[in-house]
Amino acid sequence: MAITIPFNQPSLVGHEHDYMCQAIEQGHLSGDGAFTKKCHALLEHTLNVPRALLTTSCTHALEMAALLLDIQPGDEVIIPSFTFVSTINAFVLRGAKPVFADIRPDTLNLDETRLEALVTPRTKAIVPVHYAGVGCEMDAITKIADHFGIAVVEDNAHGLFGKYKDRYLGTFGCLATQSFHDTKNFTCGEGGALLINAPEYTERAEILREKGTNRSRFYRGLVDKYTWVDVGSSYLPSDLLAAFLYAQLEGRASIQASRRRIWESYHTHLADWALAHDVQLPFIPVYCEQPYHLYYLLMPTPEQRQAMIDHLRAQGIQSVFHYLPLHASDVGQRFGGGDCPVTESVSERLLRLPFYHALSEGDQIRVIEAVTAFS
Ligand SMILES: *Cc1c(COP(=O)(O)O)cnc(C)c1O
């Protein structure tokens, strides 16, 4: 049977066409135009961060973070094994050695109780990932990082507008990164942002993002010509993409309301079935406000996960795995692997259900009925 309910589908909220037309009419299609500035201001004011910079992807924002922290060959960077390759690739590109942390079995976030044992004199950064936008144990992680003088960079690709203890995710590390890829809550196809919480990184971040030139300062009238002042690349997206993104960010209340309704509907309607079948559903600590990024089932065995995927597929419903353990990958093994039994177990049993803000109530009921018919 053909897929009739995809796993993900980008959907518009309203003003995307309109704003892109405005960007075209304004005649400024390159980076840092009017819509980019609107996105920066919205992120800075809403999250209360000193500086937000749009980037071409979360991957590129992470690469900027690695450059800003001046990561050198041989430096160690601690990351959860259960994450996307970009979380660590950005640092490996600068010569860093990845050190893989295992995850907690409840939130699937970096296990802070096993973090300190991974710290060495070469540890330069810890990159926690707020899986599904549910906050990592930032109190404990920050305490360890501060004690050893290690930088924290939050990979907040899933977690924009989520909170840990009443504070927005992305505001704990000296730097944090966001993704606006198609599969995230807010999108412009491909895009990202770097959030700068430690102001000493701001000037250099602007330079790295503008090909190693001081062009941003030139535009602000702070210098009388712009020249090559540092290494750098081109990490700024076209204002056309920023226009699309601004419509999405402006529509965040409606996007988040739909996502919340969908998430809660899965959680309510699958609870009894999950209990009866020994299936683990997402766990949200009381002090975490999640941004409803994804919904997963943790099946009792890998065989049951495959059977569930096939069962849903036969009814036209697409469900997908998530991350494969990085420590067990070819590259991870080359760096010495890691001891991450929870990651291994979760990775082979987790599946994600269709989740996007335009998922209709009728389609969601079909998914729920299909899941609960599985035994
Ligand atoms: C999506 C994702 C990324 C990469 O985002 P891009 O914008 O596609 O570069 C990085 N880390 C995590 C945890 C992600 O989910």
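**Exercise 1. Find how strand β6 is joined to β10, then place both in their sheet.**

Strand β6 (residues 163-164) is joined to β10 by two bridges, and the two run antiparallel. Strands are DSSP runs (E, at least two residues), numbered from the N terminus. Two strands pair if DSSP finds at least two bridges between them. This is a predicted model: local features need pLDDT of at least 70, side-chain atom pairs count only at pLDDT 80 or more, and totals for chains, interfaces and linings use all residues. Residues are numbered from 1 along each chain as its sequence is written, and side-chain values use heavy atoms, leaving out hydrogens and water.

Step 1. Pick a residue: Y164 stands opposite C288 in β10.

Step 2. Widen the view. The open sheet has three strands in the order β7-β6-β10, with antiparallel pairing.

Step 3. Look at the edges. β7 (167-168) and β10 (288-289) each have a single partner strand, so one side of each lacks a neighbour in the sheet.

**Exercise 2. Describe the surroundings of the ligand.**

Step 1. List the nearest residues. Around the ligand are 15 residues (a heavy atom within 4 Å). T59, D155, H158, S179 and K184 come nearest.

Step 2. Check polar contacts (N or O pairs within 3.5 Å). A side-chain N or O atom of D155 is 2.7 Å from a ligand nitrogen. A polar side-chain atom of S179 lies 2.7 Å from a ligand oxygen.

Step 3. Sort the shell. It holds five nonpolar, eight polar and two charged residues; Gly counts as polar, and Asp, Glu, Lys and Arg count as charged.

Definitions and conventions: Helix = DSSP H or I, 4+ residues; strand = E, 2+ residues; numbered from the N terminus. Polar contact = N/O pair within 3.5 Å; in protein donor to acceptor, adjacent residues only side chain to side chain.
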